[in-house]
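Reader: I would like a close look at a single part of this model, the sheet and what surrounds it. Please take one residue as the starting point and work outwards from there.

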Amino acid sequence: CITNKKVDEAVLSGLTTFKLGCECYRGGLMVDHLVGVAIQGIAINELRTVALIAPETKREILVGLLPLLDTGETCDEIIQRELDFIQSAVRNFADLITRQFAGPTIEPAVQASRQAAGRTTAQQRLFLTHLAINIYHDQHDNWPATLAELTPDILPAILIDPYSNGNFIYIVENDEYKLYSVGRNKRDDGGVGDDSGLQADFVDDFTLETPPTEQPER
């Protein structure tokens, strides 16, 4: 039996873990960034599990997570710090060594950091948008016709797809909805993909069950 106390503790644990991920790479280098976004991913998965087990917590999770989005440093800031660090470390070496060694060595890390940032940001924003859509359904007994209907009562603003810098793709059909990102190719492929960040579209499905009619008192 899952008590409300355990649910509250799980929500707090997820939010605290997410904060840890944000702080993990503040002032750090790209390796710190990769560790931080991995921690954020763990936090999102933890909060997703809580929302699936206890759908009545979705607004609490939404309200708690929204202020934490984008509170860490940007990927570009971290990459620039890494480049500055390398430049400082090799300033006594010949320019030839710098060009032939430092550049090719850091490039895979730059790409990994950018890919991790895009994937994690898409995961976070899709999850919160899913929560907002389901909260809207609780209030109106139907899905919103557009994402704009989520604002300003549930979301202060529409959360943007980091791959396209536009809205996520949102489609309502037969009393069901689809929500996904265009992914790395920045093209709508009809929602064909997964949450790896390597496929055509970035898809992170999330379906909530109807909460039970009787809830334990808090």
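**The sheet and its surroundings**

Author: The starting point is Asp-201, which sits in strand β4, a strand spanning residues 201–203. The model is a predicted one. Asp-201 is buried and yet has no salt bridge. The nearest side chain of opposite charge belongs to Arg-187, and it is 7.0 Å away; a salt bridge would need a side-chain nitrogen of Lys or Arg within 4 Å of a carboxyl oxygen. What the side chain of Asp-201 does reach is the backbone nitrogen of Asp-189, at 3.0 Å. Leaving out residues up to four places away in sequence, Asp-201 touches a run of residues that includes Tyr-180, Ser-181, Val-182 and Gly-183. Arg-187, Asp-188, Asp-189, Gly-190 and Gly-191 are also among its contacts, as are Val-192, Gly-193 and Asp-194.

The strand that holds Asp-201 belongs to an open sheet of four strands, ordered β1-β2-β4-β3, with mixed pairing. The edges are taken by β1 (169–173) and β3 (193–194); each has a single partner strand, so one side of each has no neighbour in the sheet. Strand β2, residues 176–181, is joined to β4 by two bridges, and these two strands run antiparallel. Within this part of the sheet, Ser-181 stands opposite Phe-202 in β4. Ser-181 is also one of the residues that Asp-201 touches.

Aromatic side chains come next. The structure holds three aromatic pairs. One of them is formed by Trp-143 and Tyr-177 in an edge-to-face arrangement, with 4.8 Å from centre to centre and 65 degrees between the planes. This pair links distant parts of the chain: Trp-143 is in the loop between α5 and β1, whereas Tyr-177 is in strand β2, and they are 34 residues apart. Trp-143 counts as buried because its relative accessibility is 16%, and Tyr-177 counts as buried because its value is 14%. Tyr-163 and Phe-202 form another aromatic pair, this one tilted, at 6.4 Å centre to centre and with 35 degrees between the planes. Tyr-163 lies in the loop between α5 and β1 and Phe-202 lies in strand β4, so the pair ties together parts that are 39 residues apart in sequence. Tyr-163 and Phe-202 are both buried. As for Trp-143 and Tyr-177, they form one aromatic cluster together with Tyr-170.

The loop between α5 and β1 has further features in its backbone. Pro-152 is located in this loop, which follows α5 (95–140). The peptide bond that leads from Thr-151 to Pro-152 is cis, with omega near -5 degrees. Asp-141 lies in the loop between α5 and β1 as well. Its phi is positive, about 60 degrees, although Asp-141 is not a glycine. Asp-141 counts as exposed because its relative accessible area is 64%, and the cut-off for exposed is over 50%.

A positive phi also occurs at Asp-175, a residue other than glycine, where the value is near 60 degrees. Asp-175 lies in the loop between β1 and β2. With 59% relative accessibility, Asp-175 counts as exposed.

Two residues in helices complete the picture. Lys-58 lies in helix α3, residues 58–65. Lys-58 counts as buried because its relative accessibility is 5%, and buried means under 20%. The side chain of Lys-58 makes a polar contact of 2.7 Å with the side chain of Asp-138. Not counting residues up to four places away in sequence, Lys-58 touches Leu-131, Asn-134, Ile-135, Asp-138 and Leu-208.

The other is Gly-14, placed in helix α1, which covers residues 4–24. Gly-14 is buried, with a relative accessible area of 0%. Its contacts, aside from neighbours within four places in sequence, are with Ala-43, Glu-46 and Leu-47. Between Gly-14 and Asn-45 the C-alpha to C-alpha distance is 8.4 Å, while in sequence they are 31 residues apart.

Key:
Residues are numbered from 1 along each chain as its sequence is written. This is a predicted model: local features need pLDDT of at least 70, side-chain atom pairs count only at pLDDT 80 or more; totals for chains, interfaces and linings use all residues. Side-chain values use heavy atoms; hydrogens and water are left out. Buried means under 20% relative accessible area, exposed over 50%, partly exposed in between (1.4 Å probe, protein chains only). Lys and Arg count as positive and Asp and Glu as negative; His and the chain ends are not counted. A polar contact is a pair of N or O atoms within 3.5 Å; within protein, one must be able to donate a hydrogen and the other to accept it, and residues adjacent in sequence count only if both atoms are side-chain atoms. Contact means heavy atoms within 4.5 Å. Two strands pair if DSSP finds at least two bridges between them. Rings of Phe, Tyr and Trp (its six-membered ring) pair if their centres lie within 6.5 Å; planes under 30 degrees apart count as stacked, over 60 as edge-to-face and the rest as tilted.
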